[in-house]
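Hi,

Here is the structure I said I would pass on, with my notes underneath. Have a look at it first and then read on.

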Amino acid sequence: MAEQFLAIVDADKIHDYVFSPHELKLIKGGSFLQYELNTETLPKEACKIGASPDPCISANGGTVVAKFPTRDRAEGFCRAAETLYWKRTAAATVSTAVARYPANEWEQAKSELDDLLERNKHSRRKRQFNGASPLWTTCQACGLYPAAHAYYTPSDKRWICQACQLRKKRSDQKPPGWLHTLKFFDTFEEIGREASPENYLAILYIDLDRLGRHMGKEGTTADRWRDLSKDVDDAVSASVRAGCNALREVDAPAQVLLAGGDDAIVALPADQVFRFVKGYKEGFEKQRFLDGQVKPPTYSMGVAVANSHYPIFEFRRLAEELMRSAKRIEGENAIDFEVLTASMTDGITDHRERVAQRTLGPRRTAKPYTIDGFLGLEKTVGKLKAEGVPSSKVKSLYRMVYQGKYQADLDYLYLLSRLEATPRGALVEAVGQQLWRPGPKGGEITVAADLVEIWDFVHDAETRN
């Protein structure tokens, strides 16, 4: 087989592009544009330039890998990709690389390609815009570029840049691919209004664990890489659909903000998180990788819950931090969550550790959890409510755990002494005879505050069956 050339096109900072506007409608449009470019437009361009029926090896997650008979064609595809991204989005960019692909040397060629891509990404010169000028108005949606178009909403008129105008136009059209089967909204407030308590929104970030290592180990040929890459993309997409379908059973909305490759970001009413996670878990368990030859990778989730007016960029940032915290549980599907009551200027996980260090005491949480452990929290809260444990008594646990360790234990024992036998037994089963229990790395943890956080979001008895 004659020597070929590999080309890779990788979108730069997809999350920054998609989430730069603060409105759901524009975020949705940017996500649609990126999805189409990655899964439809660039593969077609590769076929056109490569003069072969299927030059694409993989196309998902913002990355396209294709093979070409000559270096000129490979480099031509890279230039075409850069032009297409700029024309379609007016803001998003890509990094590219080309490497030799000798016969039967996929692993070496792919490794060289990845190294070149990483080098090219670091050497890119970022576009900069100086918004401090009396000569133009800055975009009132993303704040990144000069405003060029009027943007009318039912309540006001604003001015937006060309990039946001393209997002708006795409958002008004039919969603691409499998996303067209989902129910959509135009504002985060609409989703929050469906929650109970009202106006609480959850942003859920899902990511497969150590996928690069997994693909490198199992994708030892171009064909295996192609098939495994497709299986990964299909598994995440199918599992997200399963989670969304679980919400549709109770007529609850879910907005997929980003999906492709090994990760996804979903917005949903805060009280539907458990239903979605259960649906995703069941959907993922049905997936097979390389016809069952490869063990499925594990996944991690981060869930940030706050008022629907909370800044979306911060929502996404904190959900990603929580997802990375969940990855500390190795070898199992895991999740971390936080109910936000104020703007977090520092890291959530750093704050947790600082509280423990400052008080010379245990951690005030048992987070992160395995997925099964997280779903078990919902059942625990459901049982506490069914056994008649008063809400006021449970919520007082939050204040207790943030006292000194011994004072908290004393207050907890006093609380138990004031409960009747049935609710007391339920609370002891849920929390323990003492507040603290052994945790990882020789420390101590408690589930008490975690139960308080989710207490108001568990209200559907059907989910506890």
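Let me start with one residue and work outwards: A202 is buried, with a relative accessibility of 0%. Do bear in mind throughout that this is a predicted model, so every value below was computed from it. A202 sits in strand β7. Its C-alpha atom is 8.9 Å from that of V339, although the two positions lie 137 residues apart along the chain.

The strand around A202 is worth a look too. Why is β7 largely enclosed by the rest of the structure? Eight of the nine residues of this strand (200-208) are buried, so the rest of the structure largely encloses it.

**The sheet**

β7 belongs to an open sheet of six strands, ordered β8-β9-β7-β10-β11-β12, and the pairing is mixed. The edges are β8 (255-260) and β12 (369-370), each of which pairs on one side only. As a reminder, strands in a sheet pair through backbone hydrogen bonds, in either a parallel or an antiparallel sense.

Here is what I have on individual pairs, if you want to click through them:

- β7 and β10 (residues 299-307) run antiparallel and are joined by nine bridges. D207 is the residue opposite S300 of β10.
- β7 also pairs with β9 (residues 263-269), again antiparallel, over seven bridges. I203 is the residue opposite A267 of β9.
- β11 (residues 334-339) pairs with β12 through two bridges in the antiparallel sense. In this pair I335 faces Y369 of β12.

**The chain as a whole**

Stepping back, the chain has 16 helices and 14 strands. Its radius of gyration is 25 Å, close to the 23 Å given by the globule rule for 465 residues, so the chain is as compact as a globular protein of that length. The C-alpha trace spans about 80 × 55 × 45 Å along its principal axes. Of the 465 residues, 55% count as buried.

**The pocket**

Which residues are closest to the centre of the largest pocket? The pocket holds about 1200 Å³ of space, and of the 47 residues lining it, D10, G61, T63, L211 and D262 are the closest to its centre. Helix α4 (residues 106-123) gives the most to this lining, with seven residues. By class, the lining of the largest pocket has 16 nonpolar, 16 polar and 15 charged residues.

**The cavities**

There are also closed spaces: searching the whole structure turned up two cavities of 30 Å³ or more.

The largest cavity has a volume of about 100 Å³. Its lining is made up of A270, V273, F274, V303, V305, F337, V339, F374, I454 and F457. The elements giving two or more residues to that lining are α9 (273-285), β10 and β11. By class, the lining has 10 nonpolar residues, no polar ones and no charged ones. You will recognise V339 here, as its C-alpha atom is the one 8.9 Å from that of A202.

The second largest cavity comes to about 30 Å³. A11, D12, I14, Y17, Q34, Y85, A92 and T93 line it. This lining divides into five nonpolar residues, two polar and one charged.

**The cysteines**

You may well ask about disulfides, the covalent bonds between the sulfur atoms of two cysteines. How many disulfides does the count come to? The count is zero, with a cut-off of 2.5 Å between sulfur atoms. C139 is in no disulfide, and the nearest cysteine sulfur to its own, that of C142, is 3.7 Å away. C139 is buried, at a relative accessible area of 5%.

Why is C161 not bonded to C139? The closest cysteine sulfur to that of C161 is the one in C139, and because the distance is 3.7 Å, it is too far for a bond. C161 also counts as buried, with 1% relative accessibility.

That covers my notes, so over to you.

Cheers

Conventions
Residues are numbered from 1 along each chain as its sequence is written. This is a predicted model: local features need pLDDT of at least 70, side-chain atom pairs count only at pLDDT 80 or more; totals for chains, interfaces and linings use all residues. Side-chain values use heavy atoms; hydrogens and water are left out. On a 1 Å grid over the protein atoms alone, a cavity is a set of points where a 1.4 Å probe fits but cannot get out, and a pocket is an open set with protein on both sides within 12 Å along at least five of seven lines; lining residues have an atom within 4 Å of a point. Grid points are joined across faces, edges and corners, and a volume is the space filled by probe spheres set on the points. Helices (H or I, at least four residues) and strands (E, at least two) are DSSP runs, numbered from the N terminus. Ala, Val, Leu, Ile, Met, Phe, Trp, Tyr, Cys and Pro count as nonpolar, Asp, Glu, Lys and Arg as charged, and the others, Gly among them, as polar. Buried means under 20% relative accessible area, exposed over 50%, partly exposed in between (1.4 Å probe, protein chains only). Two strands pair if DSSP finds at least two bridges between them. The radius of gyration is taken over C-alpha atoms; the globule rule is 2.2 Å times the number of residues to the power 0.38.
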